[in-house]
Amino acid sequence: MIWELDVFILTLVIICAVGAITVRDLLGAAILFGAYSFMMCLLWAVMGAVDVAFTEASVGAGVSTVFFVVAVFQTTREAKD
Amino acid sequence: MAQQLPILLVVAPLMAAFLVPIVGWWNKRLCYPLAVAALAAPLVCTLGILKQVMAGGGFSYHLGGWSPPWGIEYALDYLNSFVLVIISIVSFIVTIYSKESVRSELPDKITPFYTLLLLMVTGLLGMTVSGDAFNVFVFLEISSLSCYGLIAIGSDGAPFATFRYIIMGTIGASFYLLGVGYLYLVTGTLNMADLARLLPQLYASRVVLTAGIFLLVGIGIKMALFPLHAWLPGAYTYAPSTVSAMVAPLYTKVAAYLLIRIMFTVFQPAFFIEVIPATTLLSWLAAIAMLVGSIYAIAQSDLKRMLSYSVVAQIGYIALGIGLANRLGLSGALLHILNEAFTKGCVFLVAGAIVFKLKSCRLENFNNLYRKMPFTMSAFTIGTFSMIGIPPTSGFFSKLYLLLGSVAAGNWIFVAVLLVSTLLNVVYFFRVIQLASFEKPMPDYARITPYETVAMDEVPLSMQIPIQLMAAGILLSGIFSSRILSAVIVHIIPKSFTP
Amino acid sequence: METLISTFISKYNYWGYIILMMIGLYAMMVKNNLVKKIIGMNIFQTAIILFYISIGAKKGASIPIITHAFNAAPVSIHPAGYINPLPHVLMLTAIVVAVATLGVALAVIVIIYQRYETLELDEILKIRKETG
Amino acid sequence: MKLIGLISVILCGGLLFFGVTDFPGWGDPASPASTHVSPYYIQNTLADTSVPNIVTAVLADYRGYDTLGETTVIFTAAIACFFLLRFTRRLEPKERFYRHVPTGITLRISHGGKLPVESEAFERIDSLWSPHDVIIKTTCRLVVPFIQLFALYVIAHGHYSPGGGFQGGVILGAAMILYALSYDLRSALLRMSEKIGAIFCATGVFIYAGTGALCLLSGLNFLDYSALATVFGGDPVAARSHGIFAVEIGVGMTVMAAMIWIYYNLSSAGKHDEGL
């Protein structure tokens, strides 16, 4: 594996995580969380955990994000912090 | 069939939990008998297991036929068969009680209620019986998730209290998982017996040290040990009465069991006594918890909230016994787990009965309760006596052992704290008894007749019998406490402990 | 200095996981919005999964699927050739637990919103104080 | 509260940092984690179960009991969401919208108003309905069957490639959720009603536990699939392989139904009427 690439993805993961908790729009936060999950899944695939990456791609980036979106749809989109 | 008992006790309620939604969709009234029958099975199994353990020492069960450490193992010994018996008895009694209370509180959600109730008990049983550190986590999550659901359905502030509980509970469970991961990193195994074999060579490692701290904090949150108790009072107050009667006696106690398991079986006792001075810290936190919990309990005007703070205080007693780390102290802690299961079960069932009749648990409505509900309130009195520690009840014996343990440890501050906390217990429980035994003070001119006759208004038999059974449990476990001690508890105490 | 850099590089996954865990814990404990807390909870859980997967990694090893032909003669399999599968199995379970917790937590949030019309912690506390 | 939070975050980070400094190097083949238990799985999986995907074999066989617990967790979550959110009383919405299909005229009927007669010409729509979604609808309708087919492949091929019951189940569920997103909740409910979902959810996990119980009844330990050989014939290794497959199907069913069920309840806040 190429460690530079790995570090790059890891940085992206951290940026997405920080973004997801700082964005004031909850829908945006949900989408950023989906991106976070997908980057994480890439990281795991690089490390050889194919089954886990597959699961994370379908659960974290797919279903979890949809759950967040529908919860935001049922509640509110604004957040104070 | 006898060697299959450990798995049957988990699988019977689990399979029933899957059947309940199917059966319940067809006919709601079948859920209750199915749940009671499903929880009778673990009762039989655990008693069989305890008998087997007492006859021949511990044994293990290999799931899937794979021998540990490759497969998952159920390791039965005195410690977990003792806790299993407590869980199965209390859950069985509370389930019998649930019939009328659920019908009045959640009339249109009976089916999912029983499913979640069965899943919660399954989770608690599976956590206790398992000999695999990761399997414990899985069952911990089953019980936590069903518990979140059951609590959030309650009245008033229940959803918000549950949200806090979810956040705290997830941190706790994740810390536990992290601790297990650290242990896996340095040993390569997840089996508790295997870990116990491999860990002593690694005590100098910083990884093991970190793992120990994370495990302690994680379980501490689940156990609601001071100062990690903030989620507990709200959650237990607003939960439906059956749920709080099921959760309060069992959940934190199973976490306490897990703490004992991790501290004294997975790790050698020496690790938490010498390498990290965790036992000392634990006993001091416990002492604070006993005082803080009791003081908060005095300030409450709602019976269920008062009892919830009392749970925090009582967890302090158990943690003190564990933290003393001597023979008498740990005996006291284990006896107190038994005592708490029955006592808290009894008083929460009574609180549920009061909610059932009065529709509220505020103390100011309690006047004349002794005349309205004489049988229920007599059970409550037994429960309070046990909480305070008046001789024939089990509370007396567990407190006695804790006291003796503190004396043996030479720590007079703990002795003082135990006595003060008992006094505080007297204060808040006698307030309830006093309010419940007298009429509402009314000005004379408002009275039509000098002494109104208050009609007896008792709860139905399906609630009354479980309450009385719990009260009988308190008395019996008090009377036979020396036999329980000599037959079971002495075998649990690690050999290295001093008296 | 040389050793410090090599330690850093050899463990960068672990540093990443520490940072993610701190972000998650921060969001759970400090953030005011309930949905943000839940996002933090998920980040926290995924960080632990990252940690486990990092334990399982093995340099110079292939993914844990044995290459073989159907009904072929048994070949000798060397453990160094395949990545440790056990953490992967454990983490599949942990992912499921995470999504299950997420579902329940969001359900609770929906109820909270129905009851208080807000998702901000301080406002909910204020409303609860006012109504007693 | 903020200060306590920050302090605990920093404490936790410091502790983690302290622990990591003593870790074995990343990817070290000689670390204890890679040498104690896991080599057994790598070396014996093929001989024991004839499943090349070690993760599947460990997941469903060596540590199959954990997976039963995992499936139960997802079942619990689905039941808990249903328990918390679902209204069993039928709630009349404040306003209902109907669309006359031939003309495209929208009728707004306020609370208590008389509804148009049931006919093909009127179509109930949500208050957030927008007319220009024909591309999305058509695309999704085309894509959904392929997603489902892929999901079935993932479940069935879990022995040989990454995947298995859980992943396949999630994809199946996601296909249904996609359908619900592109149409609306009511059309999804027509395709897969709540009752079917609940039965699937319970049946799937019951298949799992039932497979284990079958092993128990034929005299071996719980989840010891080699017992299936005595019931159905065949050699124990093939029986293990088939046992794993049966279990994966159970997991797939439960996970699919649970995901859809949670989605139904969350997206409409339990009303199952106007949802995303």
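The exercises below walk through a predicted model, each with a worked solution.

**Exercise 1. Describe chain A and its relation to chain B.**

Task: State which elements chain A has, what box it fills, and where it stands relative to chain B.

Solution:
- Step 1. Chain A has three helices and zero strands. Along the sequence this reads α-α-α.
- Step 2. Its C-alpha atoms fill a box of roughly 45 × 25 × 10 Å along the principal axes.
- Step 3. Chain A has 81 residues, and 57% of them count as buried.
- Step 4. Take the contacts in chain A with a separation of 6 or more. Of these, 64% come from residues 24 or more positions apart.
- Step 5. Chain A and chain B share no contact. Their closest C-alpha atoms lie 15 Å apart.
- Step 6. Five pairs of chains are in contact, and chains B and D share the most contacts.

**Exercise 2. Classify two helix pairs.**

Task: Decide how H1(B) and H2(B) run relative to each other, then do the same for H2(A) and H3(C).

Solution:
- Step 1. Two packed helices are described by the angle between their axes and the distance between the axes.
- Step 2. In chain B, helix H1 (residues 5-26) and helix H2 (residues 31-56) pack at about 175°, with axes 8 Å apart.
- Step 3. Angles over 145 degrees count as roughly antiparallel, so H1(B) and H2(B) are roughly antiparallel.
- Step 4. Residues in this contact include Leu9(B), Ala12(B) and Val20(B) from H1(B), and Leu34(B), Ala38(B) and Ile49(B) from H2(B).
- Step 5. By class, the contact of H1(B) with H2(B) has 18 nonpolar, four polar and no charged residues.
- Step 6. Now cross between chains. The axes of helix H2 (residues 26-46) of chain A and helix H3 (residues 34-56) of chain C come within 11 Å and cross at roughly 5°.
- Step 7. Angles under 35 degrees count as roughly parallel, so H2(A) and H3(C) are roughly parallel.
- Step 8. Among the residues making this contact are Phe33(A), Tyr36(A) and Trp44(A) of H2(A), and Lys36(C), Ile39(C) and Ile53(C) of H3(C).
- Step 9. By class, the contact of H2(A) with H3(C) has 15 nonpolar, two polar and one charged residues.

**Exercise 3. Sort the aromatic pairs.**

Task: Say which class fits the pair Trp66(B) and Tyr62(D), and which fits Tyr179(D) and Tyr183(D).

Solution:
- Step 1. The whole structure holds 43 aromatic pairs over all chains.
- Step 2. The ring centres of Trp66(B) and Tyr62(D) are 4.4 Å apart, and the planes meet at 40°, so this pair is tilted.
- Step 3. The pair crosses between chains. Trp66(B) sits in the loop between strand E1 (59-62) and strand E2 (73-76) of chain B, and Tyr62(D) in helix H4 (residues 54-62) of chain D.
- Step 4. Both Trp66(B) and Tyr62(D) are buried.
- Step 5. Tyr179(D) and Tyr183(D) are 4.8 Å apart, centre to centre, with 20° between the planes. This pair is stacked.
- Step 6. Tyr179(D) has 9% relative accessibility and counts as buried.
- Step 7. A charge joins in at Tyr183(D): the charged end of Lys137(D) sits over its ring, 5.1 Å from the centre.
- Step 8. Arg206(B) likewise lies over the face of Phe18(D), 5.7 Å from the ring centre.

**Exercise 4. Buried or exposed?**

Task: Place Thr75(A), Val208(B), Asp156(B) and Lys359(B) on the accessibility scale.

Solution:
- Step 1. Thr75(A) lies in the segment after helix H3 (50-74) of chain A. Its relative accessible area is 11%, so Thr75(A) is buried.
- Step 2. Thr75(A) touches residues of chain C, including Ile109(C) and Tyr113(C).
- Step 3. Val208(B) lies in helix H8 (residues 206-223) of chain B. At 0%, Val208(B) is buried.
- Step 4. Val208(B) touches Leu199(B), Phe267(B) and Phe271(B), among others.
- Step 5. Asp156(B) is in the loop between helix H5 (133-152) and helix H6 (158-187) of chain B. At 47%, Asp156(B) is partly exposed.
- Step 6. Lys359(B) is in the loop between helix H14 (327-358) and helix H15 (369-372) of chain B. At 62%, Lys359(B) is exposed.

**Exercise 5. Find the backbone oddities.**

Task: Which peptide bond from Phe226(B) is cis, and what is phi of Asp156(B)?

Solution:
- Step 1. The bond from Phe226(B) to Pro227(B) is cis, with omega near 0°.
- Step 2. Another cis peptide bond joins Pro68(B) and Pro69(B), with omega about 5°.
- Step 3. Phi of Asp156(B) is near 50°, a positive value in a residue other than glycine.
- Step 4. Lys359(B) is not a glycine either, and has a positive phi of about 70°.

Conventions: Residues numbered from 1 in each chain as written. Chains lettered and ligands numbered in written order. Predicted model: local features only at pLDDT ≥ 70, side-chain atom pairs only at ≥ 80, totals over all residues. Heavy atoms only, no water. Phe/Tyr/Trp six-rings, centres within 6.5 Å; stacked < 30°, edge-to-face > 60°. Helix = DSSP H or I, 4+ residues; strand = E, 2+ residues; numbered from the N terminus. Buried < 20%, exposed > 50% of the residue type's maximum accessible area, 1.4 Å probe, protein only. Lys NZ or Arg CZ within 6 Å of the ring centre and 35° of its normal. Axes fitted to C-alpha atoms, helices over the stretch in contact; angles between N-to-C directions. Parallel < 35°, antiparallel > 145°, perpendicular 65-115°, else oblique. Contact = heavy atoms within 4.5 Å. Nonpolar A, V, L, I, M, F, W, Y, C, P; charged D, E, K, R; others polar. Lists of a residue's contacts leave out its neighbours within four places in sequence.
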